[in-house]
Amino acid sequence: MPSGVTVRQAGPEDEVAGVRPRWVALPETTEEVAAIMTAAAEHDLAVVPVGGGSKLHWGPPPERCDVLLDTCCLNQVLEHAEGDLVVRAQAGVTMEALARTLAARGQELALDVPVEGATVGGTLATALPGPRSFRYGGARDLLIGITVVLADGTVAHSGGKVVKNVAGYDLGKLFTGSYGTLGVIAEATFRLHPLASERRWIQAHLPVRHADESATPGTGPGPVQGYASPSARGGPPQRKATLATVLATSQAEPTAVEVNRAGDDAACELAVLVEGSAAESRAEAVAALMPGATVGAEPPSWWGALPDGDVLMELRFPPSRGEVVLEAVHGLGATVRGSLASGVLWLALSPSESSSESSEGLGSEGLAGLVAGLRARLAEVGGRVSVLASPYAEGLDRWGEISALPLMRRVKERFDPGRRMSPGRYVGGI
């Protein structure tokens with residue numbers, strides 16, 4: 001390792017999906033990151049970047065891991081241009097620390113990060129959407145500039161204050177969601193928003209509909225389907241809409257529409273966020289659309305957090321098909337949470353604790369079959385399933401069919417021909 005860079009021996013707490021690296025490097029500047037990557041290239045060492053470490057157990061284990069590059073010391077907010085609503089921060093800054101810095105100036109980065117302790121770099125690398133991505137977009141949408149260090153030690157910039165670009169590539173879009181397989185994110189520049197003057201959450205507990213109960217459109221038997229807006233009731237069937245769709249398109253302009261169901265027999269909790277001017281009156285208008293709704297200034301306890309479980313899946317689907325997805329996961333004994341308005345749900349399953357017959361005794365083979373069945377069901381409505389975390393690996397297809405895989409492999413070859421960046425950690429063994 002280069003002189004001047006802090007390096008220590010790795011321990012059990014540094015394991016990446018069960019694989020222990022040889023060393024942990026702790027750079028404090030982009031130049032030190034570049035020095036580490038240059039040394040790694042010279043000695044053919046595999047490098048896995050890490051931020052807060054909260055997602056090291058996600059994904060398959062790396063094919064090899066010599067150096068864990070910890071960005072915890074890259075923890076400075078480098079520039080906050082308040083008048084331009086722009087901030088530039090190092091990759092190791094935690095999202096909580098960044099939020100505090102911006103809030104002191106009446107601004108915010110409108111990213112709700114569902115993992116406590118997540119860093120700027122980790123948030124970009126995994127691209128997890130939060131509740132307000134429905135209104136503001138995700139990390140890729142709010143990112144306007146990025147500085148990265150490539151596998152050979154080259155420092156490259158894209159967007160923002162450009163010094164050097166990699167010709168023909170939008171680095172921000174490529175590195176967002178790349179899981180550390182293309183290089184190391186060193187700095188990021190984001191577009192900001194003013195802090196909302198008011199926030200109100202509208203909450204309701206909706207009835208559970210079991211699989212053997214009929215579902216007559218418009219009669220309200222299910223948690224989010226079978227609902228007709230006041231203007232649509234009594235109208236032709238094609239004007240009927242799911243409650244989530246009605247809320248998302250309401251003139252009250254909600255910022256997020258979230259659902260939580262903690263098991264098959266639990267009530268389906270629906271929560272809607274309204275923020276900005278006249279939030280109270282707009283929230284009351286939303287509450288009028290939700291049976292038994294209450295309005296408050298605090299979110300529900302589960303808001304914006306990933307559900308707990310040994311197995312964590314991400315389900316993506318057209319927002320209009322949310323009810324089909326909720327029915328598809330019924331019977332698994334899982335906690336389901338996420339954004340119906342954006343078409344993203346998280347499913348958490350703890351097989352050892354599940355009372356569901358379909359989950360009991362679940363092992364690697366059982367999980368693989370469960371995922372394949374769920375994937376087939378969601379494919380019928382244009383959805384897909386990814387397994388983010390699982391104690392089982394054998395025979396498990398974590399990502400499913402990815403149409404863009406050939407292109408992704410060409411990008412990997414362009415940026416990391418030696419396969420030294422988190423090898424095997426992403427789609428198709430990239």
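The side chain of D14 makes a polar contact with the side chain of R8, at 2.9 Å, and a polar atom of the D14 side chain also lies 2.8 Å from the backbone nitrogen of G11. These values come from a predicted model, and the description below starts from this aspartate before turning to the chain as a whole.

## D14 and the loop between β1 and β2

D14 belongs to the loop that runs between β1 (6-9) and β2 (23-26). With a relative accessibility of 5%, D14 counts as buried, because the cut-off for that class is under 20%. When residues up to four places away in sequence are left aside, D14 touches R8, Q9, V19, P21, V24, L56 and L68.

A17 is found in the loop between β1 and β2 as well, but with a relative accessible area of 24% A17 is partly exposed. The backbone of A17 has a positive phi of about 50 degrees, although A17 is not a glycine. Most residues other than glycine have a negative phi.

S422 also has a positive phi in a residue other than glycine, with a value near 40 degrees. S422 is placed in the segment after α11 (405-415), and at 1% relative accessibility S422 counts as buried.

P62 lies in the loop between β3 and β4 (67-70). P62 is separated from G18 by 44 residues in sequence, while the C-alpha atoms of P62 and G18 are 9.0 Å apart in space. The residues that P62 touches, not counting those up to four places away in sequence, are V16, V19, V48, P423 and R425. P62 is buried, with a relative accessible area of 5%.

The four residues treated so far can be set side by side.

| Residue | Location | Relative accessible area and class |
|---|---|---|
| D14 | loop between β1 and β2 | 5%, buried |
| A17 | loop between β1 and β2 | 24%, partly exposed |
| P62 | loop between β3 and β4 | 5%, buried |
| S422 | segment after α11 | 1%, buried |

## The chain as a whole

The protein chain has eleven helices and 19 strands, and of its 430 residues 53% count as buried. Among the contacts in the protein chain with a separation of 6 or more, 66% are accounted for by residues 24 or more positions apart.

## Nonpolar cores

In soluble globular proteins, nonpolar side chains tend to be buried together. In this model the largest nonpolar core has 45 residues, and those with the most contacts inside this core are L247, L270, M313, L315, L345 and L347. Apart from the largest core lies another core, of 28 residues, which includes V87, A139, L150 and F175.

The surroundings of L270 can be given in detail: leaving out residues up to four places away in sequence, L270 touches I202, Q203, A204, L206, L243, L247, V257, E258, V259, M290 and L340. L247 therefore appears both in this list of contacts and, with L270, among the residues that have the most contacts inside the largest core.

## Cavities

Rolling a probe the size of a water molecule over the atoms shows where empty space is left. In this model, the count comes to five cavities of 30 Å³ or more.

The largest cavity has a volume of about 400 Å³. Its lining consists of 27 residues, of which P49, V50, G51, G122 and A125 lie nearest the centre of the cavity. At least two residues of this lining are supplied by each of β3 (47-50), α3 (120-126) and β10 (183-191), and the largest share, four residues, comes from α3. Divided by class, the lining of the largest cavity has twelve nonpolar, 13 polar and two charged residues.

The second largest cavity holds about 110 Å³ of space. Of the 15 residues that line the second largest cavity, P129, G130, E258, G338 and W346 are the closest to its centre. Both β17 (335-339) and β18 (344-349) supply at least two residues of this lining, and β17 gives the most, with three residues. By class, the lining of the second largest cavity has seven nonpolar, six polar and two charged residues.

E258 links this part of the description to the core, since E258 is named among the contacts of L270 and also among the residues closest to the centre of the second largest cavity.

Key
Residues numbered from 1 in each chain as written. Predicted model: local features only at pLDDT ≥ 70, side-chain atom pairs only at ≥ 80, totals over all residues. Heavy atoms only, no water. Buried < 20%, exposed > 50% of the residue type's maximum accessible area, 1.4 Å probe, protein only. Polar contact = N/O pair within 3.5 Å; in protein donor to acceptor, adjacent residues only side chain to side chain. Contact = heavy atoms within 4.5 Å. 1 Å grid on protein atoms, 1.4 Å probe; cavity = no way out; pocket = protein on both sides within 12 Å on 5 of 7 lines; lining within 4 Å. Points joined across faces, edges and corners; volume = space filled by probe spheres on them. Nonpolar A, V, L, I, M, F, W, Y, C, P; charged D, E, K, R; others polar. Core = buried A, V, L, I, M, F, W, Y, C linked by side-chain atoms within 4.5 Å.
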